[in-house]
Amino acid sequence: MSPTGMSNSTSISFSSAQRLVFTFLLALLIMVASVLSSDTAMPTQNMSHKERTELREEARDMFYHAYRAYMENAYPADELMPLSCKGRYRGVTPSRGDMDDILGNFSMTLVDTLDTLVLLGDFTEFEHAVKLVIRDVQFDSDIIVSVFETNIRMVGGLLSAHILSEYLQKQVDVMHWYKGELLEMARELGYRLLPAFNTSTGIPHARVNLRNGMKDPMLKKSRETCTACAGTILLEFAALSRLTGDPIFEVRAHAAMDALWKLRHRGSDLMGTVLNVHSGDWVRRDSGVGAGIDSYYEYLFKSYVLLGDDKYLARFNRHYNAVMKYVSEGPMLLDVLMHRPHAKSRNFMDSLLAFWPGLQVLSGDLKPAVQTHEMLYQVMQMHNLIPEAFTVDFQIHWGQHHLRPEFIESTYFLYRATGDHHYLQVGKRALKTLQQYAKVSCGYAAVNDVRTGKHEDRMDSFVLSETFKYLFLLFSEPQDLIINVDEFVFTTEAHLLPLSIAQLGNATFSFRQSDEHNVLDFMRTCPSSNKLFPEKVRKPLRNFITGSCPRTSSGKRLSALDFQASNADHLRAVYDMGITMVSVGDRSQGKAKSHEEGEMGLQFMQEMLELTKIQNMNQLAQLQAVAYATDEKLQDWTALMAGPSHFSPELIGEQFVEGDVILANPLRACSEKLNPVEDGADDARGKVLVAERGDCTFVSKARLAQKAGAVALIVCDNVPGSSGETQPMFAMSGDGTDDVLIPVVFMYNVEFSKLAAVMKRYEHPLRVRIMQMVEFKRWQLAKEGRQNGTTASAQKPDREL
């Protein structure tokens, strides 16, 4: 269906004199793939029209199962709690700490979902929902919210719904009563976000009070924000300015993007993930494409597509080339340090990077998009659901699955660009997996751990606005849809902004090309056409996770010191030596290709054993100990292993913290009223507090424990059977604000169960010491030596922190 133009000043024209560049590029990719497919037998079985229609309708049913559960049990709350089958309200539902900054008591799920109703063709429900939003939603609340989340979910949702309301007026002859109310609501909300932009750099604060701006006492120490938080504003703010004629929003968003660009590392062209909004100094210099930075790259490219400003294409290309040079490792994307780009900053990937193949498709670089998507698909097959984070050997790092849309989004764009039915089959697998593992009687619940399948009482608004939307679009034919989606840009929250917004213009803003870019920044070579067809790219990666591929011998022996588990060539090299890297429980064996390769393998393993010894010593130095006496005379002590945190004081040498250990009340320690004595709870003052993982961030628990007067915090894992003996110990990360003054350590479930058993045996509170494990071992060895007459003395560490 071809939309017609609209006349009033706050409307936009859906038909244009010629196709825009973005649409042409996408059509060209589809055409090239189709031509190539005529000469190449497609190994993936084509999906019948009947099956595709059935899956489209199943995706529709999934949406309505979740939507009706929200409307009937949660509205006007911001979110549905699918296990409790009730709404999540800010200030009413128990706090989850910083996680609740997305909530503003403004019916977020409904606003976020409006345009999905139009895509599904449900104009009656859309009209009803718009009336509810106009009647019930208000923003004059004394609540601190995330600028980033409020912009992409609320401002974006209101703008998209406004645009589609006016479209339906003209094309479907409905909603004649609508007079632009949603646009006025978006403008009001935009003005409530603007105080966050009053910084010396122009980069907005991460949070703002909807009623009081930055005057809220809780925001006086606000200093830090993430790159994605500050760099994911422009699409919505530019559309808001051009639809209302009020330039301030677009001006502020452009200024923020310009300020971020100036903060890139001039040597690597990479960005960090957390920065100080006043000084512009980097707080975290990790650089990748996942959490904290992801949608900054997305908005650079899409700002060029939507607004036609060449400087954003040039900036995107500079960053993209840097990412592919330093971050990309074959199909994997591993964070590096922006100022030392050859140094990896972590050994795991987070699930948010699944958006990257979709962005690569839009920018025209299809081959690496196919490769990374294939790797992610294999991770999904391995664990049923893509975990929140996974290691370079594809084991689970963080086990949660929040029903995120990024992988399905990339699957959709790859199918649109290639026409390869493999991606329909991938989408089918994703859909059936959600039905099996996430569907509950009251909507769809996030999975707390993909290993156990345990649910979490959480259904984010993006499940309705993105996850089910992209599933529905994947299985839909163009003629199934009321609008031509090729004439729109999808925001990072999958809201629809029409390409013709560029025609409205913003006379107050100059789009003159900057002298900082040269012609090379606007160019990238096209992919080689003889390797473009996805199956040719996927085939060598078919067993990337579980097997290996043939390789050509380099003639140089791989040493254990040089070995990187993330390097596919290294993995193949050790396989050829007869060494097989397996998951626990896998008993398959490797066989050397030759006698020479076998000798190299033996030498490699000897080196690896030596390296392991060194690494074990380094890990021991980082391990923390929760020590306690096993006798009443306090002579015999034992210790349980614990992991450190990045945000709390480090216990060095003989330093320790000692206190009686008690359980937090509530156990997950996410409530402002922690261990209230007036309610009969144990007083936390001077105690070592134990809290269970979940519901809020590690650092939020630490701040609440500190506020309650605890001298230390032990966070215990919420996954039954988890153990430091079988799983790698990790350091808990914070949010960049160094205000925690008490030690915080992490214990897996098995280790904590031992501690809990001892606590139950004692009539009085158990007294524990938190210290370095290596120091505890040193003390134990000295004590044993004294008992054997080989050393003079052995005293417990006596330097309390």
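In the next few minutes I will go through three places in this predicted model, namely a helix, a cavity and a serine in a loop.

Let me begin with helix 10, which runs over residues 294–307 and, with its 14 residues, reaches 20 Å from its first C-alpha to its last, close to the 20 Å expected at 1.5 Å a residue. As for its surroundings, 14 of the 14 residues of helix 10 are buried, so this helix is largely enclosed by the rest of the structure. Just after helix 10 comes G308, and there the backbone takes a positive phi of about 75°.

I turn now to the cavities, of which the structure holds five of 30 Å³ or more. The largest cavity has a volume of about 180 Å³, and among the 16 residues that line it, those closest to its centre are I386, H401, R404, F407 and I408. Two elements, helix 14 (406–418) and helix 15 (422–437), each give two or more residues to the lining of the largest cavity. In character, that lining divides into nine nonpolar, five polar and two charged residues.

My last place is S645, which lies in the loop between strand 23 (637–642) and strand 24 (655–663). Is S645 buried or exposed? Its relative accessibility is 12%, and because buried means under 20%, S645 counts as buried. The side chain of S645 makes a polar contact with the side chain of S648 at 2.4 Å, and the S645 side chain also reaches the backbone oxygen of V744, at 3.4 Å. If we leave aside its neighbours within four places in sequence, S645 is in contact with A731, M732 and, once again, V744.

Definitions and conventions. Residues are numbered from 1 along each chain as its sequence is written. This is a predicted model: local features need pLDDT of at least 70, side-chain atom pairs count only at pLDDT 80 or more; totals for chains, interfaces and linings use all residues. Side-chain values use heavy atoms; hydrogens and water are left out. Helices (H or I, at least four residues) and strands (E, at least two) are DSSP runs, numbered from the N terminus. The expected span of a helix is 1.5 Å times one less than its number of residues. Buried means under 20% relative accessible area, exposed over 50%, partly exposed in between (1.4 Å probe, protein chains only). On a 1 Å grid over the protein atoms alone, a cavity is a set of points where a 1.4 Å probe fits but cannot get out, and a pocket is an open set with protein on both sides within 12 Å along at least five of seven lines; lining residues have an atom within 4 Å of a point. Grid points are joined across faces, edges and corners, and a volume is the space filled by probe spheres set on the points. Ala, Val, Leu, Ile, Met, Phe, Trp, Tyr, Cys and Pro count as nonpolar, Asp, Glu, Lys and Arg as charged, and the others, Gly among them, as polar. A polar contact is a pair of N or O atoms within 3.5 Å; within protein, one must be able to donate a hydrogen and the other to accept it, and residues adjacent in sequence count only if both atoms are side-chain atoms. Contact means heavy atoms within 4.5 Å.
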